[in-house]
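Please examine the sequence and the three-dimensional model together. The paragraphs that follow lead through the principal features in turn.

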Amino acid sequence: MARIFISYRRSDSRKWAHKLFEHLSMRFGKDLVFQDVDDIKPGKDFLLVLHEAIKGCKVALILIGPKWLKVKAADGSRRIDHPKDVLRMEIIEALRGRKTVIPVLLGKAVMPTKEDLPPPLRNLSRRQAAAVSDSRWNSDVHLLLERLRELVIPRKGPESLEEAKQEITEKQNEYFTLYPQRPADALELSQRVLDHLDRISPQYPKDPDLQLLRGYFHKNEAMALRDLGRRPEFKKSLVKADRVFTTMIRERPGDASAWNGKGSVEALRHNFQRALHDVDKALEIDPHYRAAQQDRKEILKYLEEKA
């Protein structure tokens, strides 16, 4: 059961919800963060799924954008005043339990007063809000990440951060001893490492190296799936890798490894001109980055073959 539930009004804060979900899921893993767009499967009773997800979570993030209170129903009244409004039901369920409820203010939104809210939601006005502004997005998100880590993650185990990174880096080397001769074994190794990252990353949400390793192992997983002829899964793994590298570039535009990772994803998609741009960006940041130098040679080789 996901420990973090994201509640939001799509017409009010969809773009911020998606962006925040990418940051949180990258740190806390695929099983700890619930967002309805990704987590409700076709054919499921979405109200029942939402009820169970909120009931089982430890933290509910209530995303409040500029239009959160103003969104209207067909009759012209506020949607949040309607007893069957899904967002309203989510918040009531969150406030009913013993979980932590954090309003997240987006897009210069202000915290609603008690008088602004319908009676069943008025306790929300007493909850301490977290502001996440566009101009300070990265720093504000990092503060929220640290708060969430304290709430949802148990105490650190015996494995230190450096030990975890060393172990995963060794697995990266092991992957390339298996691939491409033994793609099934390479795939199994990649998936074991991704599961391990889901366990260890939430303990160190501020460490960028763990997030980059997640991106590279999604890429490794994709390569093995491609060689096994599993194209739909290959594409899904590439999307996951792309999300990690794109999010890391957004947070750390001067990170050569993130740019090179993004370039390697585009190369796997055969978007070689885009791949060359990203790898060149990595080399602009770090001219001695050997992996980027090698990737650039491979990309130019493909471009020459196409010419």
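A nonpolar core is here a set of buried Ala, Val, Leu, Ile, Met, Phe, Trp, Tyr and Cys residues joined through side-chain atoms within 4.5 Å. The model under discussion is predicted. Its largest nonpolar core holds 46 residues, and the members that touch the most others are Ile168, Tyr175, Leu197, Tyr289 and Ile299. At least two residues of this core come from each of helix 6 (161-178), helix 7 (183-200), helix 8 (208-227), helix 9 (231-251), helix 10 (256-268), helix 11 (272-285) and helix 12 (290-306). The most is given by helix 8, which supplies nine residues. In soluble globular proteins, nonpolar side chains tend to be buried together.

The surroundings of one core member may be followed in detail. Apart from residues up to four places away in sequence, isoleucine 168 touches Val193, His196, Leu197, Leu210, Leu213 and Phe217. A second core, separate from this one, comprises 27 residues, among them Val59, Leu63, Leu145 and Leu151.

Helix 8 also contains asparagine 220. Is this asparagine 220 buried or exposed? Asparagine 220 is buried, because its relative accessible area is 0%, and buried means under 20%. Its contacts, leaving aside neighbours within four places in sequence, are with Gln172, Tyr175, Phe176 and Ser190.

Attention now turns to the sheet. Strands of a sheet pair through backbone hydrogen bonds, either parallel or antiparallel. In this model, five strands in the order 2-1-3-4-5 form an open sheet with parallel pairing. Strand 2 (33-34) and strand 5 (130-132) are the edge strands, each pairing on one side only. Strand 3 (residues 59-64) is joined to strand 4 (residues 100-106) by six bridges in the parallel sense. Within this pairing, leucine 63 has valine 104 of strand 4 as its bridge partner. Helix 1 lies across strand 1 (4-7), strand 2, strand 3 and strand 4, and runs at about 150 degrees to strand 3.

Helix 1 (residues 10-28) packs in addition against helix 9, at an angle of about 105 degrees and with the axes 10 Å apart. Helix 1 is therefore roughly perpendicular to helix 9, a description that applies to angles of 65 to 115 degrees. Helix 1 contributes Lys19, Glu22, His23, Met26 and Arg27 to the contact, while helix 9 contributes Arg243, Val244, Thr247, Met248, Arg250 and Glu251. Of the residues in this contact between helix 1 and helix 9, six are charged, three nonpolar and two polar.

Conventions
Residues are numbered from 1 along each chain as its sequence is written. This is a predicted model: local features need pLDDT of at least 70, side-chain atom pairs count only at pLDDT 80 or more; totals for chains, interfaces and linings use all residues. Side-chain values use heavy atoms; hydrogens and water are left out. Buried means under 20% relative accessible area, exposed over 50%, partly exposed in between (1.4 Å probe, protein chains only). Helices (H or I, at least four residues) and strands (E, at least two) are DSSP runs, numbered from the N terminus. Contact means heavy atoms within 4.5 Å. Axes are lines fitted to C-alpha atoms, for helices over the stretch in contact, and angles run from 0 to 180 degrees between N-to-C directions. Angles under 35 degrees count as roughly parallel, over 145 as roughly antiparallel, 65 to 115 as roughly perpendicular and the rest as oblique. Ala, Val, Leu, Ile, Met, Phe, Trp, Tyr, Cys and Pro count as nonpolar, Asp, Glu, Lys and Arg as charged, and the others, Gly among them, as polar. Two strands pair if DSSP finds at least two bridges between them.
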